Amino acid sequence: MEFNLKDICAQFNIETTIEGYGNGHINDTYLCEAAPRVILQRININVFKNPEEVMENIYNVTEHVRKKIEKEGGDPDRETLNVIRTRDGKNYYKLDDENYFRMYKFVEDSVSYEIVENPIQLYHAGKAFGKFQNWLDDFPADKLFETIVDFHKTPERVKQLEAAISKNAAGRLAAVQPEISFALDYAKYASKITDEMEKGTVPLRVTHNDTKLNNVLFDKDTGKGVCVIDLDTVMPGSVLYDFGDALRFGASSGTEDEEDLSKIWFDLEKFEQFAKGFLSETASCLTEMEIQLLPISALLMTYECGIRFLADYLNGDTYFKVHKDNHNLYRARTQFKLVQDIESKFDEMHAIIKKYL
Ligand code: ADP
Ligand code: GN1
Ligand code: MG
C-alpha cells in the first residue's frame, strides 16, 4: 500500500517536513524537521517478522537504560533512544500488515561516521558500546524476545549460505566460485564461539548484536560517544558478538563496499583504540575464555557478515539494501579480505589486549 509520510507523522502528533536520512542497511529512516526534530522509521518487516516484539524489547531496554543514566546524573534525552508514542499511546503505528512505523527523539548535536577518520573515534565507540553492555548487565534476559533467531550463530549462517548455493536463486553462482571456496574453507572457524557458549565458558549476556560504527552517535563538539542506537537486535548473545562486530566495520582501513581491495586491511591502531575503550568498561566482568576469544571474535563476526552478504547476493539481494550492481558481492569481498588479514595478526591482537586488562 502507498503511504503518505505526513499522514504517518500526524499519527504521532507531528506536523513536519520530511527527508530520507542515514545509511542503515535495514530500515527506512527519515528526519522530520519538527521542533524538536524527530526520526521516523519504517521497520523492515522482511527482516523483523514481528515488529510488535521488536518495539516491546526497545521500549523495555531504553527504560532500563534511562534509569541507569538518571542515577549517573546523565541526560537521558540524549544518551538513550527515546520512543515517541502515537496519539493512541502505542510504541509504533501500524498502517497495514506491510507498514509499521516508529518515532524517536532526534539526538541533537551528534554525528555518526561511515568510516573512522581518527582512531580516537574508535576509543569513544568502544567506551560507548562497553558502557551499554554494562547498563544491560542486570537486564532480565527472559523479558526479551529473540527478534532474529540464531542471529550470530555462525554455523547456522554457514548452513544458510549452503542453502543459497544449492538454490542459486539469482543464477549468480558460476560468477562467484572463488568467494564460495573461500567461504567454505574458513567455515573451519565457524563454531569457535558457539562451542564455548554451549560449554558455558562463554556466558549468555544481553548484548546489542549490531555494533557497527554508525550505530553510535558521537557528540559533535567533544567527540565522545553520546548514544547507542539501532536497538532492533538487542537480545541474549555473547559479548564477543559486540566486540567482534564493532571491529569488523570500525577497524577496517576502508568502507564496507570498497571495490579496490588493495585499500582494505585490518588496522591494528584502530583495533587497539576500540579494545582500550571497550575494555575500560568491561574488562572486570569478562571470563577467561571471553578474553581469550576476543581476537578471533573479530575474525568470526567479519566472516559471518561476509557469508551473509554472499548468501544475499546469491539469493538476489533480498535482505540488505543495495545501491549499485553487485553491491553485496563487493561487500562480501571486503569482509573476506579482512578475515585473511585478521588471521595473520592474532599474535599482535593478543598482545594489545593484554595491555588493557
Ligand atoms: P538501520 O537499522 O537501517 O541501520 P538505524 O536505526 O541505524 O537504521 O538508523 C539509520 C541512521 O539514522 C543511523 O546510522 C543514524 O545516522 C541515524 N539515526 C537513527 N536514529 C537517530 C536518532 N534518534 N538521532 C539521530 N540520528 C539517528
Ligand atoms: C545491518 O542495520 P545496520 O545497517 O546497522 C545488519 C547487521 C550487519 C550490517 C552490515 C538487523 O546493520 O547485522 O552486520 O548491516 N543488521 C541486521 O553492514 O541484519
Ligand atoms: Mg543501523
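The radius of gyration is taken over C-alpha atoms, and the globule rule sets it at 2.2 Å times the number of residues to the power 0.38. In this predicted model, the protein has 357 residues, for which a compact globule would have a radius of gyration near 21 Å; the value for the protein is 20 Å, which agrees. Two ligands are described below, and the side chain of Asp 230 makes a polar contact with ligand 1 and with ligand 2.

**Overall form**

- The C-alpha trace of the protein spans about 55 × 50 × 40 Å along its principal axes.
- Twelve helices and eleven strands make up the list of secondary-structure elements in the protein.

**The pocket**

- Ligand 1 sits in the largest pocket.
- The space taken by ligand 2 is the largest pocket as well.

**Surroundings of ligand 1**

- There are 19 residues around ligand 1, and those that come nearest are Asn 27, Gln 41, Val 107, Asn 214 and Asn 215.
- By class, the shell around ligand 1 holds eight nonpolar, nine polar and two charged residues.
- Gln 41 places a polar side-chain atom 2.9 Å from an oxygen atom of ligand 1.
- Lys 105 takes part through its backbone, with a polar backbone atom 3.0 Å from a nitrogen atom of ligand 1.
- In the side chain of Asp 230, an N or O atom is 3.0 Å from an oxygen atom of ligand 1.
- On its own, ligand 1 has 550 Å² of accessible area, of which the protein covers 96%.

**Surroundings of ligand 2**

- Ligand 2 is surrounded by 17 residues, of which His 25, Lys 212, Glu 256, Arg 308 and Tyr 319 are the closest.
- The shell around ligand 2 consists of seven nonpolar, four polar and six charged residues.
- Helix α10, which runs over residues 288–315, gives the most to this shell, with three residues.
- The side chain of Tyr 319 has an N or O atom 2.5 Å from an oxygen atom of ligand 2.
- For Arg 308, the distance from a side-chain N or O atom to an oxygen atom of ligand 2 is 2.8 Å.
- For Asp 230, the distance from a side-chain N or O atom to an oxygen atom of ligand 2 is 3.0 Å.
- The protein covers 98% of the 440 Å² of accessible area that ligand 2 has on its own.

Definitions and conventions
Residues numbered from 1 in each chain as written. Chains lettered and ligands numbered in written order. Predicted model: local features only at pLDDT ≥ 70, side-chain atom pairs only at ≥ 80, totals over all residues. Heavy atoms only, no water. Near = heavy atom within 4 Å. Polar contact = N/O pair within 3.5 Å; in protein donor to acceptor, adjacent residues only side chain to side chain. Areas by Shrake-Rupley, 256 points an atom, 1.4 Å probe, with all protein chains shown as cover. 1 Å grid on protein atoms, 1.4 Å probe; cavity = no way out; pocket = protein on both sides within 12 Å on 5 of 7 lines; lining within 4 Å. Sits in = over half its atoms within 2 Å of the grid points. Helix = DSSP H or I, 4+ residues; strand = E, 2+ residues; numbered from the N terminus. Nonpolar A, V, L, I, M, F, W, Y, C, P; charged D, E, K, R; others polar.
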